[in-house]
Amino acid sequence: MVLITFVQISFTLISDNLNIISKLTFRRTFNAGKVIAGYYFSKWTKKPHQWGMPISIAIEPTTSCNLRCPECPSGLRSFSRETGMLEEKFFQKTIDELHKHIFYLTFYFQGEPYLNPKFLEMAKYASEKNIYTATSTNAHYMDDENSKRTVESGLDRLIISIDGTTQESYQSYRIGGDLQKVIEGTKNILKWKKELKSKTPHVIFQFVVFRQNEHEVKEIKKLGKEIGVDEVKIKSAQIYDYENGNERIPAKEEFARYKKTQEGKYSSPLLSEGENGCWKMWNSCVITWDGKVVPCCFDKDAKHQLGNLKEKTFKEIWMNDSYKKFRTSLLKSRKEIDICSNCSEGTKIWL
């Protein structure tokens with residue numbers, strides 16, 4: 001039984017990876033090669049060299065959210081930037097400019113994507129451009145109709161946030177959420193995948209580990225298997241106020257992003273000084289709902305704006321002085337940049 005399960009999981013992962021690879025055209029592959037070469041040449045010379053366009057972008061459907069998660073700016077309603085919805089025409093214009101270069105679209109940043117009434121139409125538009133599309137949802141809007149439309153949209157990856165296997169542990173972080181709705185929504189998606197004989201979306205249960213739910217890691221894997229999701233991902237939690245400890249930091253170090261020091265403080269996940277630079281700044285960016293271009297998903301309040309797509313073309317922004325200065329600062333010292341101090345990603349090459 002264990003062997004059969006392992007084979008099934010391996011098959012779905014291989015299928016998903018092959019789906020990503022299938023999006024690579026000659027032009028996109030050549031562009032990716034230029035981006036990788038430029039990144040490593042920049043690391044070697046300690047000066048920024050950008051030879052290609054991004055291979056991946058993230059676009060924010062909305063900053064609105066129905067939940068009140070305490071480590072999330074959307075949940076806390078703590079943004080200094082405005083709350084709003086991505087406009088379909090602006091989205092299409094952006095995709096039209098970039099689709100020959102990018103092959104991966106992360107269709108979320110802050111907020112709940114399904115609150116944007118045009119979200120699935122936009123996902124379909126990107127899918128029709130042969131771009132791999134991924135989104136993350138709290139699954140409170142996955143009724144039968146939306147689930148069918150999701151499968152029909154061609155969405156390639158659906159990450160479902162499910163941080164608990166009981167309502168008590170789930171709502172300790174997903175404040176205002178209903179675990180049963182998440183489970184029902186997941187079943188709806190899987191039902192329509194089967195009825196429409198679709199291989200997509202690749203459905204992932206994402207379980208962010210906190211102290212309140214760390215005892216349920218085995219249970220979420222079991223639940224994922226019972227329901228029939230394609231994958232279960234266990235993720236460490238990003239905590240803002242961690243230095244003096246935090247009630248949400250897991251007790252087990254294997255699940256914690258922050259480590260307790262001899263002084264009793266908690267250390268940041270920042271990579272060592274010898275690992276300056278960041279692959280994200282060469283291969284991707286984040287575009288907010290209102291067109292601001294920011295470095296990555298750690299700049300949740302869009303404090304490091306590098307340009308605005310409602311004023312300039314993407315290529316003008318991607319190659320501008322603001323981007324050069326930011327890449328230069330990354331190559332010198334990541335410790336000097338606030339959004340990098342709580343980042344666990346860094347220099348690895350991935351999407």
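Let's start in the loop between α5 (119-128) and β3, which is where Asn130 is found. This is a predicted model, and in it Asn130 has a positive phi of about 60 degrees although it is not a glycine. Is Asn130 buried or exposed? Neither, quite: with a relative accessibility of 30%, Asn130 counts as partly exposed.

There is a second case of this kind, and you can find it in the loop between α8 and β5, where Lys197 sits. Lys197 is not a glycine either, and its phi is positive, near 55 degrees. Lys197 counts as exposed, since its relative accessibility is 78% and the cut-off for exposed is over 50%. While you are in that loop, between α8 (179-195) and β5 (202-209), have a look at Pro201 as well. The peptide bond leading from Thr200 into Pro201 is cis, and omega there is near 5 degrees. So if you scan backbone torsions by habit, as I do, those are good places to pause.

Now let's zoom out to the whole chain. How many helices and strands does the protein chain have? Twelve helices and eleven strands. The radius of gyration is 20 Å, close to the 20 Å the globule rule gives for 351 residues, so the chain is as compact as a globular protein of that length. If you are thinking about a simulation box, the C-alpha atoms fill roughly 55 × 50 × 45 Å along the principal axes. Buried residues make up 54% of the 351 residues. Among contacts with a separation of 6 or more, 70% are between residues 24 or more positions apart.

A word on the surface and the charges. The protein chain exposes about 16900 Å², with carbon and sulfur atoms supplying 53% of that area. There are 54 positive and 44 negative side chains, and the centres of these two sets are 5 Å apart.

On to the sheet. Nine strands make an open sheet, and reading across, the order is β6-β5-β4-β3-β2-β1-β9-β10-β11, with mixed pairing. Which strands sit at the edges? They are β6 (231-236) and β11 (307-308), each of which pairs on one side only.

Let me walk through some of the pairings. Strand β2 (residues 104-106) runs parallel to strand β3 (residues 132-137), and three bridges join them. Thr106 has Ala134 in β3 as its bridge partner. Next, β3 pairs with β4 in the parallel sense over four bridges, and here Ser136 has Ile159 in β4 as its partner.

Strand β4 (residues 157-161) deserves a closer look: five of its five residues are buried. In a regular strand, the side chains alternate between the two faces of the sheet. In β4, one side carries Arg157, Ile159 and Ser161, the other carries Leu158 and Ile160, and all of these are buried, so both faces are covered. Yes, that list includes an arginine, for those of you who check such things.

Over at β9 (residues 284-287) we see a similar theme. Ser284 and Val286 point one way, Cys285 and Ile287 point the other way, and all are buried. Strand β1 (residues 56-59) pairs with β9 in the parallel sense over four bridges, and Ala58 stands opposite Val286. With strand β10 (residues 292-294), β9 pairs in the antiparallel sense over two bridges; Ile287 and Val293 are partners there. The hairpin of β9 and β10 has four residues between the strands, and Gly291 takes a positive phi near 95 degrees.

Just before β9 in the numbering, we have Trp282, in helix α10 (residues 280-283). Trp282 is buried, as its relative accessible area is 0%. What does Trp282 touch, leaving out residues up to four places away in sequence? Its contacts are Val35, Gly38, Tyr39, Ser42, Pro48, His49, Gln50, Trp318, Arg327 and Leu331. Trp282 and Pro54 are 228 residues apart along the chain, yet their C-alpha atoms are separated by 6.9 Å.

I'll finish with Ala256, in the loop between β6 and β7 (259-260). Ala256 counts as buried because its relative accessible area is 10%, which is under the 20% cut-off. Beyond residues up to four places away in sequence, Ala256 touches Ile249 and Pro250. Ala256 and Thr150 are 106 residues apart in sequence and 33 Å apart in space, C-alpha to C-alpha. Thanks, everyone!

Note on methods. Residues numbered from 1 in each chain as written. Predicted model: local features only at pLDDT ≥ 70, side-chain atom pairs only at ≥ 80, totals over all residues. Heavy atoms only, no water. Rg over C-alpha atoms; globule rule 2.2 N^0.38 Å. Buried < 20%, exposed > 50% of the residue type's maximum accessible area, 1.4 Å probe, protein only. Contact = heavy atoms within 4.5 Å. Areas by Shrake-Rupley, 256 points an atom, 1.4 Å probe, with all protein chains shown as cover. Lys, Arg positive; Asp, Glu negative; His and termini not counted. Charge placed at Lys NZ, Arg CZ, Asp CG, Glu CD. Pairing = 2+ DSSP bridges.
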